[in-house]
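Biologist: Can you walk me through this one? I'd like to start with the interfaces.

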There are 2 protein chains.
Amino acid sequence: MPHDIRILTEAELRAAVGLDLSTVDVVERAFAALAGGEVVMPPVLSMDLPAANGEVDVKTAYIPGFDGFAIKVSPGFFDNPKLGLPSLNGLMILFSATTGLVQALFLDNGYLTDIRTAAAGAVAARHLAPSRVQTAGVIGTGVQARLQMQAAHLVRPFERLLVWGRDGAKAQTCAEDLAALMGIEVLPVSDPAHLVAQSQLVVTTTPARTPVLRAEWLHPGLHITAMGSDQHGKNEIDPKALAAADLYVADRVSQTEIMGELRSAHEAGLWQGGIPAELGQVITGDAPGRRSDDDITIADLTGTGAQDTAIASHVFQMLQDSPSGTVISA
Amino acid sequence: MPHDIRILTEAELRAAVGLDLSTVDVVERAFAALAGGEVVMPPVLSMDLPAANGEVDVKTAYIPGFDGFAIKVSPGFFDNPKLGLPSLNGLMILFSATTGLVQALFLDNGYLTDIRTAAAGAVAARHLAPSRVQTAGVIGTGVQARLQMQAAHLVRPFERLLVWGRDGAKAQTCAEDLAALMGIEVLPVSDPAHLVAQSQLVVTTTPARTPVLRAEWLHPGLHITAMGSDQHGKNEIDPKALAAADLYVADRVSQTEIMGELRSAHEAGLWQGGIPAELGQVITGDAPGRRSDDDITIADLTGTGAQDTAIASHVFQMLQDSPSGTVISA
């Protein structure tokens, strides 16, 4: 018996959904559900394709209370730029959580991942950053540098933003873009130590394989979100910083210990903190968060299938009111 | 930069592709590639959803020499029949093996899986059944019972077919259907021992959890393909039969040892044969196949992502000549 399947392209998705508090809230709800233990989230299916200089990841999560669950396929083919194509692509498929029937195909080329990743950064900032953030800093100058700062500003409306990247020209452009988008003072800086010293909230958004943020730069009243590491081998934060912080929080321990900052701290023999708290537990109150505005906190975000289910469900919900895209009966 | 994505529904796929020798050949090519060791085929991502009485499997494989690779999502929601819906659904996504871009979405509700599963049965029969099969037998009366016999007949044009199922009325209907489809003599039988005794080729197509084919029924000049077991807990063939046969061949050892007949033989302590051969190795000549028409051979098919990549690539190839479906630029 054929049923309707809604199909949206990247352009249609960009027109339909953006980064706002409703997006942050639905991703927060997914994190809270993760703490409840009823979420079914298998390990990421990861396929390395050395012959094609590519990789493919598949993420999914079933969250009780959500009407659907998403399966996300994220190919990365790193010779694509030579062909004038982006390296990253992919789509999300939303299934009914009751019948398993395909409900929607979001041909987003990674756009929804960008949004849900930035929303997770805002959730971390909401629950872990000092209550008052005057200056925020971002390390990295790409898409996530821009989105993370816009997302964080939704929950901590800072007045000043500092940008650092290895390439000064890109930092300059990123700062100009963000100033125009956010209407606040945004300054490129030449020294990341200076950026951290000035900031109460720092987000690292790089694919670094050696740390870009040193432990000796930590200072009271700082929250750091590291969101760049999503693979074994990546490392943005000096492992000593994890040990030195008052609180380290993982998005999902089973992921951060193999592909997040926690992995590096483990491998350096610097982690003595036992099983760390997860962001969802901080949200629900099952684990303590920041105790005072002077605490130093670190959130380690590797990206979870729960976020994909959250954003895909959110988009599908929004479409009930303003239909767009193509409907196919299959 | 948007690119074209071809989308086909189940009805369009049924009209475009069926079970013929070209389908068998492309699946054979995938098996041969598996033997070459260059295929990248991660373990099945399997998500149990007890709260929904459901499960979801994700399979994929990258095969050198194929222009694309498929990712298949197969949800099974077992309360669906109460709602008038089939339990099994799902889709295949075909990606470019060069760029990772989505090329096609096949909203097949499992149809292509049915076809590629039957084609694998034909590949096993082609390489392992006695050269002359006068009588074939099928155990089970469902969709695969029908498709497996039609597929096997493409490579071993037997004159007589016997059908056994636990439900005699269903066996009668299945026999009538197959007689009409195939134009040969098809008889329902009341005793599976009789079916095996009369046949040179037997295919088991059941979800049995206790064996439906006993070791004492084996006889010289018999080939058995067991294709029903695809999960830990299923078991169609008496474990003693695997030890007693002259040759046991797996579609993929890493799968049959955890969810095929080999698992049951291992757990019964009855497997002393070391690492068995795979079907692909028999095809390429890297492992010996049947030595004489008197040998007793068993093929254990659990279903591989390589078959999915093969069938999806085959369909996409066919569509180059006769366009159908919907094209979306995304």
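Modeller: Here is a quick tour of the chain contacts, the domains and the symmetry. This is a predicted model, where local features need pLDDT of at least 70, side-chain atom pairs count only at pLDDT 80 or more, and totals for chains, interfaces and linings use all residues. Residues are numbered from 1 along each chain as its sequence is written, chains are lettered from A and ligands numbered from 1 in the order in which they are written, and side-chain values use heavy atoms, with hydrogens and water left out.

Biologist: How many residues of chain B are in contact with chain A?

Modeller: 45 residues of chain B touch 45 residues of chain A. Contact here means heavy atoms within 4.5 Å.

Biologist: And what area do the two chains bury?

Modeller: About 3,600 Å² between them, with 82% of it on carbon and sulfur atoms. Buried area is the accessible area (1.4 Å probe) that two parts lose on being put together, summed over both. B:L45, B:M47 and B:T99 supply 14% of what chain B buries against chain A, more than any other three residues.

Biologist: Which elements of chain B supply at least two residues each to that side?

Modeller: Strands β1 (4–9), β2 (45–49), β3 (54–61), β4 (68–77), β5 (91–96), β6 (102–107) and β15 (326–329) of chain B. Helices (H or I, at least four residues) and strands (E, at least two) are DSSP runs, numbered from the N terminus.

Biologist: What's the split into nonpolar, polar and charged there?

Modeller: On chain B's side, 31 are nonpolar, 13 polar and one charged. Ala, Val, Leu, Ile, Met, Phe, Trp, Tyr, Cys and Pro count as nonpolar; Asp, Glu, Lys and Arg as charged; the others, Gly among them, as polar.

Biologist: How many salt bridges between chain B and chain A?

Modeller: Zero. A salt bridge needs a side-chain nitrogen of Lys or Arg within 4 Å of a carboxyl oxygen of Asp or Glu. Over all chains, that rule gives 28.

Biologist: How are the two copies related?

Modeller: Chain B lies on chain A with an RMSD of 0.1 Å after a turn of 180 degrees and a shift of 0.0 Å along the axis. The copies are thus related as by a two-fold rotation axis. The superposition is by least squares on C-alpha atoms of residues with pLDDT of at least 70 in both. In chain B, the residue closest to the axis is B:L45, at 3.1 Å (C-alpha). Also, 100% of the interface residues of chain B are interface residues in chain A, so the copies meet through the same surface.

Biologist: Switching topic. Which domains is chain A divided into?

Modeller: Domain 1 (4–113 + 306–329) and domain 2 (120–303). The bounds come from an automatic or database domain assignment. Their C-alpha centres lie 24 Å apart. The contact takes 16 residues from domain 1 and 22 residues from domain 2 of chain A.

Biologist: What do those two domains bury?

Modeller: About 1,600 Å², of which carbon and sulfur atoms give 63%. A:L19, A:E28 and A:F31 supply 32% of domain 1's share, more than any other three residues.

Biologist: How many salt bridges across that interface?

Modeller: Two. A:E28 and A:R126 meet in a salt bridge at 2.6 Å, N to O. On domain 1's side, α2 (21–36) and β3 (54–61) of chain A each give two or more residues. The largest share, nine residues, comes from α2(A).

Biologist: Where are A:D308 and A:R116?

Modeller: A:D308 is in helix α11 (residues 305–321) and A:R116 in helix α3 (residues 111–128) of chain A, 192 residues apart. Their side chains meet in a salt bridge at 2.7 Å, N to O.
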